[in-house]
Amino acid sequence: QCSIHFIQSLLEKHTEKSIPSQIHSIKIQKQEKNIDVLCIINNKYHILIEDKTKTQDHSNQLQRYLNHLQSKIPSENIFPIYFKTHDQACYKKIIDVYGYRVFSRKDFLTILNNGITLGVKNDIFNSFRLHLQNIEDDVQNYLNKPLGSWNKQAWRGFFIELQQRLETGL
């Protein structure tokens, strides 16, 4: 149930595309032509996931991965996702130039927390969810800690908030 919700959340990032109303099958391929994860839904829809933790896109990799899939299947069946569990200053090129949609740490925490609600009991799952929640809490500390006690994560959260309010650098 949690994995279906996760897949649907990835697909829904592409609001401009038609998505399947039901998921009958999920096939996962790892490292095809250096693509981190490729999910094939209902033998038709391809979710290309580029997982970036503390790094950013480089060496035109996002375009190469997309080109590889587009040479095999129609573009309307490709859902490129830039999976980002740490923060990045700007996603404009990733979204506007390459057509990827960002799936952030907050997005992932929503899915993981839903898993807890659904009764997932797994030590690895819980440990990873707690790890991401700790990062998120550190980033959000600018909201409730005095300015003099902010660490670099709190400053990062503050600047992310500024970007959103100023609608610049996103």
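**Helix α2**

I began with helix α2, residues 61-70, in this predicted model, and noted that Gln61, Leu62, Tyr65, Leu66, His68 and Leu69 are buried there. These residues cover an arc of only 155° around the axis, which puts them on the same side of α2.

**Strands β2, β3 and β4**

Next I looked up strand β3, residues 45-52, and found that 7 of its 8 residues are buried, so the strand is largely enclosed by the rest of the structure. I then asked in which sense β3 pairs with strand β2, parallel or antiparallel. Strand β2, residues 35-41, pairs with β3 in the antiparallel sense, over 5 bridges, and I noted that cysteine 39 stands opposite isoleucine 47 in β3. The hairpin of β2 and β3 has 3 residues between the strands, and in this hairpin asparagine 42 takes a positive phi near 55°.

I turned to strand β4, residues 78-84, which runs parallel to β3 and is joined to it by 7 bridges. Isoleucine 47 appears again here, standing opposite phenylalanine 79 in β4. I followed the chain from β3 through α2 to β4 and recorded that this β-α-β crossover is right-handed.

**Tyrosine 98**

I looked up tyrosine 98 and placed it in the loop between α3 (92-97) and β5 (101-104). Is tyrosine 98 buried or exposed? Its relative accessible area is 8%, and because buried means under 20%, tyrosine 98 counts as buried. Leaving aside neighbours within four places in sequence, I listed the residues in contact with tyrosine 98 as Asp57, Asn60, Leu62, Gln63, Leu66 and Lys93; Leu62 and Leu66 are also among the buried residues of α2. With asparagine 60 there is a polar contact of 3.5 Å, which joins the side chains of the two residues. I also checked tyrosine 98 against histidine 14, and the two are 84 residues apart in sequence and 13 Å apart in space, C-alpha to C-alpha.

**Salt bridges**

I then went through the salt bridges, of which the structure holds 8. I kept in mind that side chains of opposite charge can pair when their charged atoms come close.

One of the pairs is glutamate 16 with arginine 101, where the closest N and O atoms are 3.4 Å apart. This pair links distant parts of the chain, since glutamate 16 lies in the loop between α1 (2-12) and β1 (26-32) and arginine 101 in strand β5, 85 residues apart. At 48% relative accessibility, glutamate 16 counts as partly exposed.

Another pair is aspartate 96 with lysine 92, with the closest N and O atoms 2.8 Å apart. I noted that both lie in helix α3, 4 residues apart, about one turn of the helix. Aspartate 96 has a relative accessibility of 52% and counts as exposed.

**Glutamate 136**

I closed with glutamate 136, whose side chain meets that of arginine 105 in a salt bridge of 2.7 Å, N to O. Glutamate 136 lies in helix α5 and arginine 105 in helix α4 (residues 105-117), so the pair ties together parts that are 31 residues apart in sequence. I found that glutamate 136 and arginine 105 are buried, with a relative accessible area of 7% for glutamate 136.

Which residues does glutamate 136 touch, not counting residues up to four places away in sequence? I recorded Arg105, Lys106 and Leu109. Glutamate 136 also belongs to a network of salt bridges, in which I found it linked with Asp87, Arg105 and Lys106.

Notes: Residues are numbered from 1 along each chain as its sequence is written. This is a predicted model: local features need pLDDT of at least 70, side-chain atom pairs count only at pLDDT 80 or more; totals for chains, interfaces and linings use all residues. Side-chain values use heavy atoms; hydrogens and water are left out. Buried means under 20% relative accessible area, exposed over 50%, partly exposed in between (1.4 Å probe, protein chains only). Contact means heavy atoms within 4.5 Å. Helices (H or I, at least four residues) and strands (E, at least two) are DSSP runs, numbered from the N terminus. A polar contact is a pair of N or O atoms within 3.5 Å; within protein, one must be able to donate a hydrogen and the other to accept it, and residues adjacent in sequence count only if both atoms are side-chain atoms. The arc is that of the directions from the helix axis to the C-beta atoms. Two strands pair if DSSP finds at least two bridges between them. A crossover is right-handed if, with the strands pointing away from the viewer, the path from the first strand over the helix to the second runs clockwise. A salt bridge is a side-chain nitrogen of Lys or Arg within 4 Å of a carboxyl oxygen of Asp or Glu.
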